Amino acid sequence: MSIETLVRPEIRNLNPYVTARQESASVRLNANELPWSPRDADGVAPLNRYPDIRPVTLQTALARLYGVAATNVLVTRGSSEAIDLLIRAFCRAGRDSIVVTPPTFAMYRVYADIQGAGTIAAPLSAERDFRLDVAETLERCAPDTKLVFVCSPNNPTGNIVPQADIIELARARSGQSVIVVDEAYAEFNDEDSLAASVAGFDNLVVLRTLSKALGLAGARCGAVIGAPPLIGWLNGMLAPYALATPVVDRVMEAMSAANLNRARRAVIEVVRERQRMTAALDAMPSVVRVWPSRTNFLLARFHDLAAVLRALHERRILVRDFPHEPGLAGCVRITIGSREENDLLLAALRSGMEDG
Ligand SMILES: *Cc1c(COP(=O)(O)O)cnc(C)c1O
């Protein structure tokens, strides 16, 4: 059975919006644009024309970056938008569900709630170092579970799900569910990616983002990598002209060989700091546990979380805590910052704990 039977019929049969044609040499009187930019005099690039319907050059650049064909890629406004598109494409309100493995990225459940889809949890436990159990995850899948979200490396636990386990999930759920692998942090894990494997499975989708390792969170740019029919359905749902001209220009600039090399060096620097911070936190008496991480953050459990949050608050240092995640009691997620920022955090923890 193919995924044609899984996608919502409204989406499979959608008549997408047809945009005004954009031949460059023509007199463009078909899109109700202003013929000049009122701001031309400022020397900034004019924005009076709509951008390309889809940023094809960027799509091609991202396909090259992720080692797949351009027909496997849809460029989205951050991978958050890709999550939303996938849930709306596959989940019928009030009937279908997604499976998530908490503690994990909270947006899967939020978008499912918005769509009226159910969320089934297959929890990871700290006692098992947050390892995903394939058999248990499969057991949680209901007949109408359309999507299984696997975040690897996982936010906020920092560990990976072995690729063999994800492939096993895809095989086992073939014709029933799409496995969505969120690889937001892949670059911090030696570029280990399942993107190249999407060609072999029609129910495997990989999400990538430029928000983390590429340092472009402000640009709002991500990509869905999947089988061409699935990419086609999502493309039909995505707003016309979704990617703004300045965003496409800035991201294309970041795709130059020199800038990609800079981004790789930044990742190496972050990984080095991650190792230093892991060791430093590990040595602190106030720390119960710091979990090994394949990302640009650390998850750490403290004996006295309230004292930690107080000490950091006093020095205006922000970290993420999880008051609504029972499995993460006493834990905070600490982003790896610059060396100076990381030293400020360590100093705050040391002095805060001594005073308290
Ligand atoms: C940060 C993050 C994203 C990225 O979101 P964008 O919309 O691309 O900025 C996606 N998934 C996870 C798990 C994340 O941590």
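Helix α3, spanning residues 78–90, supplies the largest share of the shell around the ligand, with 3 residues. Keep in mind as you look around that this is a predicted model. In total, 13 residues surround the ligand, and the closest are Ser-79, Ser-80, Asp-182, Thr-209 and Lys-212. Sort the shell by class and you get 4 nonpolar, 6 polar and 3 charged residues.

Now for the polar contacts. A polar backbone atom of Ser-79 sits 2.6 Å from an oxygen atom of the ligand. Thr-209 brings a polar side-chain atom to 2.6 Å from a ligand oxygen. Arg-220 joins in through its side chain, where an N or O atom is 2.7 Å from an oxygen atom of the ligand. As for cover, the ligand taken alone would expose 380 Å², and the protein buries 93% of that.

Stay with Arg-220 for a moment. You'll find this residue in the loop between β6 and β7, and its backbone deserves a look: phi is near 55°, a positive value in a residue other than glycine. Is Arg-220 buried or exposed? Neither label fits, because its relative accessibility is 36%, which counts as partly exposed.

Leu-210 belongs to the loop between β6 (204–209) and β7 (222–225). Leu-210 counts as buried because its relative accessibility is just 1%. Leaving aside residues up to four places away in sequence, Leu-210 touches Leu-62, Tyr-66, Gly-215, Leu-216, Ala-217, Cys-221, Gly-222, Val-251 and Met-255. Take Gly-222 from that list: Leu-210 and Gly-222 are 12 residues apart in sequence, yet their C-alpha atoms are 5.7 Å apart in space.

Another residue with positive phi is Asp-129, where the angle is near 55° and, again, the residue is not glycine. Look for Asp-129 in the loop between β3 (118–121) and α5 (134–140). Asp-129 counts as partly exposed because its relative accessible area is 31%.

Next, the cis peptide bonds. The bond from Ser-152 to Pro-153 is cis, with omega near -10°, and Pro-153 lies in the loop between β4 (145–151) and α6 (163–172). The bond from Asn-155 to Pro-156 is cis too, with omega near 15°. Pro-156 is also placed in the loop between β4 and α6.

Over to the segment before α1 (9–12), where you'll find Arg-8. Is this arginine, Arg-8, buried or exposed? Arg-8 is buried, because its relative accessible area of 18% falls under the 20% cut-off. Not counting residues up to four places away in sequence, Arg-8 touches Arg-88, Ala-89, Phe-90, Cys-91, Arg-92 and Gln-115.

Cys-91, one of those contacts of Arg-8, brings us to the cysteines. How many disulfides does the structure hold? The count is 0. Cys-91 is in no disulfide, and the nearest cysteine sulfur, that of Cys-141, is 12 Å away. Seen from the other side, the closest cysteine sulfur to that of Cys-141 is in Cys-91, and the two can't be bonded because 12 Å is too far. For reference, a disulfide here would need the sulfur atoms within 2.5 Å. Cys-91 counts as buried because its relative accessibility is 0%. Cys-141 is buried as well, because its relative accessibility is 12%.

Notes. Residues are numbered from 1 along each chain as its sequence is written. This is a predicted model: local features need pLDDT of at least 70, side-chain atom pairs count only at pLDDT 80 or more; totals for chains, interfaces and linings use all residues. Side-chain values use heavy atoms; hydrogens and water are left out. Helices (H or I, at least four residues) and strands (E, at least two) are DSSP runs, numbered from the N terminus. Buried means under 20% relative accessible area, exposed over 50%, partly exposed in between (1.4 Å probe, protein chains only). Contact means heavy atoms within 4.5 Å. A residue is near a molecule or strand if one of its heavy atoms lies within 4 Å of it. A polar contact is a pair of N or O atoms within 3.5 Å; within protein, one must be able to donate a hydrogen and the other to accept it, and residues adjacent in sequence count only if both atoms are side-chain atoms. Accessible areas come from the Shrake-Rupley method with a 1.4 Å probe; for residues, only the protein chains shown count as cover. Ala, Val, Leu, Ile, Met, Phe, Trp, Tyr, Cys and Pro count as nonpolar, Asp, Glu, Lys and Arg as charged, and the others, Gly among them, as polar.
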